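Subject: Handover of a structure

Dear colleague,

Please find below the structure that I am passing on to you. My notes on it follow directly after.

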Amino acid sequence: MFSRIARPTISIAARSLTTSSQNNAKVAVLGASGGIGQPLSLLLKNSPLVGELSLFDIAHTPGVAADLSHIETRARVTGYMGPDQLNAALKGCDVVVIPAGVPRKPGMTRDDLFNTNATIVATLADACARNCPEAIICIIANPVNSTIPITSEVMKKYGVYNPNRVFGVTTLDIVRANAFVAELKGLDPARVNVPVIGGHAGKTIIPLISQATPKVEFPADQLSALTARIQDAGTEVVKAKAGAGSATLSMAYAGARFTFSILDAMNGKEGVVECAYVRSEETECKYFSTPLLLGKQGIEKNLGLGKLTAFEENLVADAIGELKASIKKGEDFVANLK
């Protein structure tokens with residue numbers, strides 16, 4: 001018989017998706033009924049760091065919440081549906097994760113998503129500013145290169161913007177880089193760490209293979225092909241799904257990994273480092289992803305770009321123009337909001 005005594009501890013063996021400490025953090029997922037939101041909420045429900053899980057979407061959330069609430073882990077789950085319940089979903093939240101938005105379809109760029117997702121993110125950021133202004137905000141909704149400036153500008157309008165507490169979740173780029181490098185070198189992917197800097201779209205995604213641990217080397221042609229695959233990995237999934245969606249399961253994993261790192265740091269764990277797209281002075285771009293030391297209040301220290309190879313310096317130079325344009329697009333969107 002499958003007895004309760006014999007039941008193994010549920011864990012996701014890779015990296016930091018399991019935690020030994022407990023906390024009572026209230027975490028909201030905005031867009032909880034979607035392709036990313038549902039598996040992300042499942043992973044969060046499994047964590048001892050989450051005391052309360054507040055799920056919001058425009059449809060189906062009560063069903064998702066009821067389903068998750070039957071799982072034998074400690075987090076309490078509540079579902080909220082529709083604009084009238086958004087404020088209630090956010091009250092008292094410590095961390096807000098936002099995967100809401102429309103997914104990419106074949107032939108679409110992340111920029112094609114801009115008009116729809118920009119409005120969604122601005123609306124949700126407005127609600128966060130009013131209901132949980134001190135919460136850590138983690139934006140998954142694309143295009144992240146623009147949705148983080150949008151979130152920041154909305155928070156500024158309410159006088160509650162804290163650049164150390166607003167994050168663009170680029171963790172999927174790191175997860176992919178780790179997986180692809182491990183595959184090529186025959187390594188355990190859970191032990192590979194490749195920093196990825198810049199932004200979260202196309203050529204703005206800059207994997208720093210030279211800074212990978214363990215140290216790996218590739219001939220120039222293989223390095224170029226690997227870099228291109230990491231940059232275009234989202235399109236790889238969109239094409240493979242043939243119109244049925246974009247990266248949802250891997251994004252949910254990456255979103256959970258980042259959220260658990262935030263919660264671990266808030267809970268006092270030291271030495272927690274993740275890359276994320278944040279307000280930055282590391283380059284001439286106002287926002288830039290780099291490795292960050294996380295702490296109880298969000299960003300404790302920006303660890304910067306580190307030592308780059310000539311190949312990586314060229315990648316950074318090539319990304320700057322596109323990043324600046326995406327940032328301006330986000331800022332202009334908020335400036336023109338009525």
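Which residue is the bridge partner of Glu274 in β10? The partner is Leu292. Please bear in mind throughout that this is a predicted model.

**Strands β9, β10 and β11**

The pair just named belongs to the pairing of strand β9 (residues 273-279) with β10, in which seven bridges join two antiparallel strands. Strand β10 (residues 287-295) also pairs with strand β11 (residues 298-302), again in the antiparallel sense, over four bridges. Within that second pairing, Leu293 has Lys301 of β11 as its bridge partner. Two residues lie between β10 and β11, and the two strands form a hairpin. As for its surroundings, β10 is mostly covered, since nine of its nine residues are buried.

**Strand β1 and its partners**

Strand β1 (residues 25-30) is largely enclosed by the rest of the structure, because six of its six residues are buried. Ala25, Val27 and Val29 point one way from the strand, while Lys26, Ala28 and Leu30 point the other way. The residues of both groups are buried, the lysine included.

Two strands pair with β1. Strand β2 (residues 50-57) runs parallel to β1 and is joined to it by six bridges; in this pairing Ala25 stands opposite Val50 of β2. To pass from β1 to β2, the chain goes through helix α1 (residues 37-45), and the resulting β-α-β crossover is right-handed. Strand β4 (residues 95-98) likewise runs parallel to β1, with three bridges between them. Here Ala28 stands opposite Val96 of β4.

**Helices α1 and α2**

The helix of that crossover also meets helix α2 (residues 61-69): the axes of α1 and α2 come within 11 Å and cross at roughly 30°. This crossing is right-handed. On the side of α1 the contact is made by Gln38, Ser41, Leu42 and Lys45, and on the side of α2 by Val64, Leu68 and Ser69. Sorted by class, the contact consists of three nonpolar, three polar and one charged residues.

**Backbone features in the loops**

Four loop residues deserve a mention for their backbone geometry. Two are prolines that follow a cis peptide bond. The bond from Asn142 to Pro143 is cis, with omega near 0°, and Pro143 is placed in the loop between β5 (136-139) and α5 (144-157). The bond from Thr213 to Pro214 is also cis, with omega near -10°; Pro214 has its place in the loop between β8 (205-207) and α7 (220-231).

The other two have a positive phi without being glycine. For His60, phi is about 70°, and this residue is in the loop between β2 and α2. Its relative accessible area is 61%, above the 50% cut-off, so His60 is exposed. For Ala242, phi is near 50°, and the residue is found in the loop between α8 (233-240) and α9 (249-266). Ala242 counts as exposed as well, because its relative accessibility is 64% and the cut-off is 50%.

**Two buried helix residues**

Is Phe180, in helix α6 (residues 171-185), buried or exposed? With a relative accessible area of 10%, which is under the 20% limit, Phe180 is buried. Apart from its neighbours within four places in sequence, Phe180 is in contact with Leu226, Arg229, Ile230 and Ala233. Phe180 and Val27 of β1 are 153 residues apart in sequence, and their C-alpha atoms are 31 Å apart in space.

Gly255 is found in helix α9 and is buried, with a relative accessible area of 1%. Which residues does Gly255 touch, not counting those up to four places away in sequence? They are Leu40, Ile140 and Val169. Leu40 lies within the residue range of α1 (residues 37-45), the helix of the crossover described above. Between the C-alpha atoms of Gly255 and Thr78, which are 177 residues apart along the chain, the separation is 20 Å.

Yours sincerely

Definitions and conventions
Residues numbered from 1 in each chain as written. Predicted model: local features only at pLDDT ≥ 70, side-chain atom pairs only at ≥ 80, totals over all residues. Heavy atoms only, no water. Buried < 20%, exposed > 50% of the residue type's maximum accessible area, 1.4 Å probe, protein only. Pairing = 2+ DSSP bridges. Right-handed = clockwise from strand over helix to strand, strands pointing away. Axes fitted to C-alpha atoms, helices over the stretch in contact; angles between N-to-C directions. Left-handed = near helix turned anticlockwise from the far one by under 90°. Contact = heavy atoms within 4.5 Å. Nonpolar A, V, L, I, M, F, W, Y, C, P; charged D, E, K, R; others polar.
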